[in-house]
Structure formats: C-alpha cells, structure tokens
Amino acid sequence: MTPFLAPLLACPDCGAALQVQADELACPAGHGPFRVQGSIPRLLPEAERGAAETRTVEAFERQWRSYGGLKRIFGKDPEAMAANLVGDRISGRIDRDWYRGKRVLDAGCGHGRYLEAFAAMGAEVVGLDIGRGPEAAGVPLDDPRIGVVQGSVLSPPFRPESFDLVFSDGVIHHTPDAPGADQALARLVKPGGALYIWVYPEEGAMREAVFGTARAVTTRLPGSGVRIVSFALAPLTAFVRSYSGTSFGRATWAECAQVVHDWLAPPLQSHHTWEEVLGWSRQAGLVDAEELPIPTGITAWKPQRSGSQP
C-alpha cells in the first residue's frame with residue numbers, strides 16, 4: 001500500500017479511522033476487517049450491491065481488461081488526457097502549477113490514465129474504483145505518487161476534507177444514486193478545494209428513445225456478445241456524436257469499439273441537466289460553480305473557513 005494512503009482512509013460503513021494491522025485495515029467499530037491485496041486496500045461497504053450495480057461493475061471490469069492497453073482511450077492519448085486537467089476544460093483557476101503539492105482524488109478512476117497525468121504535474125493522487133479495472137488496465141501501482149483504493153463513490157472510504165481536488169469524470173451517472181454520490185464526494189473536499197463532476201447530459205427525445213431501446217437489449221447480453229456488438233457498431237461513430245469526440249476514421253476500430261462498449265454495456269446509466277448538477281453543488285455548500293465546455297460539466301469550490309489560508 002502506498003505509504004501516504006493510510007492517514008486518509010476511513011471505514012466505508014461508519015467513517016471511523018482505520019488501523020493498519022499487517023495486511024488488514026481494522027475498523028474500531030468492528031466492520032470489516034478490510035484486506036490489502038496487491039498493494040490495494042479493499043474497502044467496499046458491507047451492504048450488498050443490487051443486480052444492476054453488480055452487472056455495471058462487471059461491464060467496466062471487462063472493458064478495461066479488453067481495452068485498457070490501447071494507446072488511446074476515449075480517443076485521447078496521455079498528452080490529450082493531461083490537457084483535460086488544466087484550463088477551461090476543468091477550471092479557469094487550475095493550471096499545471098496549481099497541482100504542485102496538492103492531493104487529488106480520481107473518483108471512479110477506471111482506466112487510470114488520469115492518475116499518471118495528475119502525478120506528472122506534481123500532485124499526490126489517489127484512484128478510487130469499485131471494481132478491479134485499474135489493475136486490469138495496468139495502473140502503475142509501484143509509483144509512490146499514486147495510490148489506488150477499491151471502494152464505492154457512494155461510500156468513499158476516506159476521511160472528510162482530505163483532498164484539494166475531487167475529480168469524477170463520467171462516473172456517478174453509473175451508480176444507483178448520482179446525487180448521493182455527488183454529496184458524498186463533496187464532503188471529501190478541503191476548504192478552498194474543488195469538486196469536478198461530469199455526467200451524461202439529457203439529450204433530445206429521439207436520441208434518448210433510440211439509445212434507450214438499444215441499451216434495453218445490449219445491457220442484457222453476455223460479455224462476449226457486447227464485445228461483438230461493440231466492434232460491429234464501431235463504424236457508426238463516424239456519424240453518431242460521442243462525448244469524447246472519438247470518430248471512426250480518426251480513431252482505430254478498437255478505440256471506437258471501446259467507446260461503443262462504454263455506452264452500451266453498463267446497465268446503470270442516468271442523464272442529467274446542468275440545473276440538476278448545479279443544484280447538487282449548492283446543496284453540498286459549494287460556491288463559484290463554473291459551467292464547463294463539456295455539457296453538464298461543473299467545477300465548484302468549497303469556501304475557505306474564516307481565518308484560514310488558501
């Protein structure tokens with residue numbers, strides 16, 4: 001386990017600080033014990049997942065086993081991914097220098113490419129994911145700047161106000177409670193820090209109906225079936241807009257199939273409006289919300305406490 005992780009961790013069931021005992025993390029209230037396996041603390045809550053949530057986790061684990069080694073994911077190489085983390089794409093207040101000495105949480109880190117980008121800009125970064133996708137995708141677990149924790153964004157296993165930036169890109173709409181996940185992640189932001197959230201936007205009635213009908217079939221297919229359908233439909237990305245901008249002809253067949261899989265495989269998927277997401281931020285006590293160029297993308301800030309320094 002990356003050494004800087006231990007003081008940040010908390011029981012996902014009660015929020016108590018955890019005690020490190022060899023390869024276990026013990027909760028003083030008796031939850032767990034929680035194992036550390038392959039240098040990753042396994043901090044899943046005791047509550048059982050529903051069938052749709054379980055199948056969603058499995059879909060993403062399959063995705064990163066199949067596509068995690070691609071040179072480009074969501075049509076972006078590491079340099080393009082790093083560009084998403086500075087300037088207007090994330091916040092007018094954040095540039096490369098902002099990250100030096102900061103602590104960042106990538107909540108729902110999946111493929112893990114952003115972890116390396118945050119670390120390269122000088123941050124200490126933690127990746128949280130409910131499944132084993134980061135391992136399958138080859139996240140560098142030996143990098144002392146990067147820690148990975150298996151846990152849920154609905155019950156994130158960290159102490160409150162632990163991070164300067166909580167970053168969750170296209171994740172919480174794959175949970176059974178996107179607003180609840182937003183509130184849980186906001187509690188992890190330090191005063192003066194920021195929460196970045198992007199969720200799928202609500203689209204026109206025709207697009208919602210067409211994709212809803214398709215997903216009613218594809219989310220029930222076995223993994224091998226979804227993979228075949230994803231490769232078969234990959235050329236459609238030349239004509240159907242994807243949020244990542246991945247397009248057949250500019251991206252490889254496999255890169256386009258990855259984007260199709262991401263859309264069609266996970267059973268849990270919700271769509272939201274900017275007004276909804278802004279309301280979540282206000283409910284969490286965040287201020288100075290920035291509407292970002294990507295639809296329903298938002299960065300909002302936790303106010304400094306009176307007398308504290310930025």
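The paragraphs below go through strands, cysteines, a surface patch and salt bridges in this predicted model.

Four strands form an open sheet in the order S1-S2-S3-S4, with antiparallel pairing. Strand S1 (19-21) and strand S4 (40-41) stand at the edges with a single partner strand each, so one side of each has no neighbour in the sheet. S1 is joined to strand S2 (residues 24-26) by 3 bridges, and the two run antiparallel. Within this pairing, Gln21 has Glu24 in S2 as its bridge partner.

A parallel pairing is found further along the chain, where 5 bridges join strand S6 (residues 124-129) to S7. In that pair, Val126 stands opposite Gly147 in S7. Strand S7 covers residues 146-150, and 5 of its 5 residues are buried. Ile146, Val148 and Gln150 point one way from S7, Gly147 and Val149 point the other way, and all are buried. In general, strands of a sheet pair through backbone hydrogen bonds, and the pairing can be parallel or antiparallel.

Val125 is found in strand S6. Val125 is buried, with a relative accessible area of 0%. Leaving aside residues up to four places away in sequence, Val125 touches Phe4, Val104, Leu115, Phe118, Ala119, Arg145, Ile146 and Gly147. Of these contacts, Phe4 is 121 residues away from Val125 along the chain, and the C-alpha atoms of the two are separated by 9.7 Å.

The structure holds 0 disulfides. For Cys11, the closest cysteine sulfur is that of Cys27, and at 3.7 Å it is too far for a bond, because a disulfide requires sulfur atoms within 2.5 Å. Cys27 is likewise in no disulfide; its nearest cysteine sulfur, in Cys14, is 3.6 Å away. Cys11 counts as buried at 3% relative accessibility, and Cys27 counts as buried at 7%.

On the surface, Leu233, Leu236, Phe239 and Val240 form a nonpolar patch with about 380 Å² of accessible area together. Val240 lies in the loop between helix H7 (223-233) and helix H8 (253-264). At 32% relative accessibility, Val240 counts as partly exposed.

Charged side chains come next. Side chains of opposite charge can pair when their charged atoms come close. The count of salt bridges comes to 13. One of them is between Arg42 and Glu135, with an N to O distance of 3.0 Å. Arg42 lies in the loop between S4 and helix H1 (51-67), and Glu135 lies in helix H4 (residues 133-137), so the pair ties together parts that are 93 residues apart in sequence. Arg42 is buried at 9% relative accessibility, whereas Glu135 is partly exposed at 29%. Arg42 and Glu135 also belong to a network of salt bridges with Arg132.

Another salt bridge joins Arg89 and Asp169, with the closest N and O atoms 4.0 Å apart. This pair links distant parts of the chain, 80 residues apart: Arg89 is in the loop between helix H2 (78-83) and strand S5 (103-107), and Asp169 is in strand S8 (residues 163-169). Arg89 is buried, with a relative accessible area of 18%, and Asp169 counts as partly exposed at 22%.

Arg241 forms a salt bridge with Glu203, with the closest N and O atoms 3.2 Å apart. Arg241 sits in the loop between H7 and H8, and Glu203 in the loop between strand S9 (189-198) and helix H6 (205-218), 38 residues apart. Arg241 is partly exposed, with a relative accessible area of 46%, and Glu203 counts as partly exposed at 23%.

How values were computed:
Residues numbered from 1 in each chain as written. Predicted model: local features only at pLDDT ≥ 70, side-chain atom pairs only at ≥ 80, totals over all residues. Heavy atoms only, no water. Buried < 20%, exposed > 50% of the residue type's maximum accessible area, 1.4 Å probe, protein only. Pairing = 2+ DSSP bridges. Contact = heavy atoms within 4.5 Å. Patch = residues over 30% accessible without salt bridge, like charges linked within 9 Å, V, L, I, M, F, W, Y side chains within 5 Å. Areas by Shrake-Rupley, 256 points an atom, 1.4 Å probe, with all protein chains shown as cover. Salt bridge = Lys/Arg side-chain N within 4 Å of Asp/Glu carboxyl O.
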